[in-house]
Amino acid sequence: MDGLGARLKDARQRAAMSMRELGRQANVSPSFISQIENGRSQPSVATLYAFARILNVSIDELFDQHEDETVDRTLVDGSWGPNGSMNPTNAWHPSEFANRISVVHPSHRSRLTMAEGVVWERLAATPEHAVNFMKILYAPGSTSTAGGELQSHEGYEYGYVIRGTLEVTVGSETFVLNEGESLGFDSSIPHVLRNIGESDFEGVWFVHGPRH
């Protein structure tokens, strides 16, 4: 597990909200929230957005921060490779802009693992919590909402397909995206993402909105 449940529990406790109240507002059962917090279950993408909105935290805050701290130390250390050459992932020197620059090696990406085989990997982290720059992975048949219902949240989404096939329904419109194709839409319009292919879907996603 990537610790998502523990971070959600911490956010809930900081908001002084009971599992019953959070469940009522998010339209899920308190027992389901307990399972998530104890690492026995994962929320869908839509439920994660609901939790973030209700608890007044950004999605960015729910990623594992420890891994990003490791990356920062590695970049500052600038260690040399075994052949005497500078490792390109470590060849960045600290500067007056260091707290506004994020360079992440693939092995150090923070992850969020959700229901139905949906995984987000953060591609960069900056103090601007209103944006999320991610690589998203959907297993065959997985959707962004439990049951495939349309859900909405604040902001705009932009996506690019690396491989696989993704069906995106936005309002009354349905689009099927294949490798190399891209889209953007107002995410306040009810929408759902679904992998309708027989292999994993991978894409680059950028979500911009107030905190979420």
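What share of the contacts in the protein with a separation of 6 or more comes from residues 24 or more positions apart? The answer is 66%, where contact means heavy atoms within 4.5 Å. Keep that figure in mind as you open the viewer for this tour.

**Before you start**

You are looking at a predicted model, in which local features need pLDDT of at least 70 and side-chain atom pairs count only at pLDDT 80 or more, while totals for chains, interfaces and linings use all residues. Residues are numbered from 1 along each chain as its sequence is written, and side-chain values use heavy atoms, with hydrogens and water left out.

**Stop 1: the whole chain**

Begin with a cartoon view. The protein has five helices and nine strands; helices (H or I, at least four residues) and strands (E, at least two) are DSSP runs, numbered from the N terminus. Follow the chain along its sequence and you will read α-α-α-α-α-β-β-β-β-β-β-β-β-β.

Now switch on the surface. Its accessible area is about 10,900 Å², and carbon and sulfur atoms account for 51% of that; the areas come from the Shrake-Rupley method with a 1.4 Å probe, and for residues only the protein chains shown count as cover. Of the 212 residues, 44% are buried. Here buried means under 20% relative accessible area, exposed over 50%, and partly exposed in between (1.4 Å probe, protein chains only).

**Stop 2: helix α4**

Select residues 45-55, which form α4. Ten of the eleven residues in this helix are buried, among them V45, L48, Y49, F51 and I54. Just after α4 comes N56, with a positive phi near 60°. N56 is not a glycine, and it sits in the loop leading from α4 to α5 (65-77). Buried or exposed? N56 counts as exposed, at 52% relative accessibility.

**Stop 3: where α2 meets α4**

Add α2 (19-26) to your selection. The two helices α2 and α4 pack at an angle of about 120°, with their axes 10 Å apart. Axes are lines fitted to C-alpha atoms, for helices over the stretch in contact, and angles run from 0 to 180 degrees between N-to-C directions. Show side chains for L22, Q25 and A26 of α2, then for A50, F51, I54 and L55 of α4: these residues make the contact. They divide into six nonpolar, one polar and no charged. In this count, Ala, Val, Leu, Ile, Met, Phe, Trp, Tyr, Cys and Pro are nonpolar, Asp, Glu, Lys and Arg are charged, and the others, Gly among them, are polar.

While you are here, step along to N27, in the loop between α2 and α3 (30-37). N27 has a positive phi of about 65° although it is not a glycine. N27 is exposed, with a relative accessible area of 70%.

**Stop 4: the nonpolar core**

Which residues have the most contacts inside the largest nonpolar core? Select I59, L112, W120 and W205 to see them, in a core of 39 residues. A nonpolar core is a set of buried Ala, Val, Leu, Ile, Met, Phe, Trp, Tyr and Cys residues joined through side-chain atoms within 4.5 Å. The helix from Stop 2 returns here: α4 gives the most to this core, with eight residues. In soluble globular proteins, nonpolar side chains tend to be buried together.

Centre on W120. Leaving aside neighbours within four places in sequence, W120 is in contact with residues including V45, L48 and Y49, as well as I59, L112, M134 and I136.

**Stop 5: three loops among the strands**

- Go to S152, in the loop between β3 (131-138) and β4 (156-163). S152 is partly exposed, at 40% relative accessibility. Beyond four places in sequence, S152 is in contact with S187, S188, I189, P190 and H191.
- Next, pick G180, in the loop between β6 (173-177) and β7 (182-186). G180 is partly exposed, with a relative accessibility of 40%. Its contacts beyond four places in sequence are with Y160 and V161.
- Finish at G197, in the loop between β8 (191-195) and β9 (201-208). At a relative accessible area of 22%, G197 is partly exposed. Measure across to P140 in your viewer: the C-alpha atoms of G197 and P140 are separated by 5.9 Å, although the two are 57 residues apart along the chain. Leaving aside neighbours within four places, G197 is in contact with both P140 and T165.
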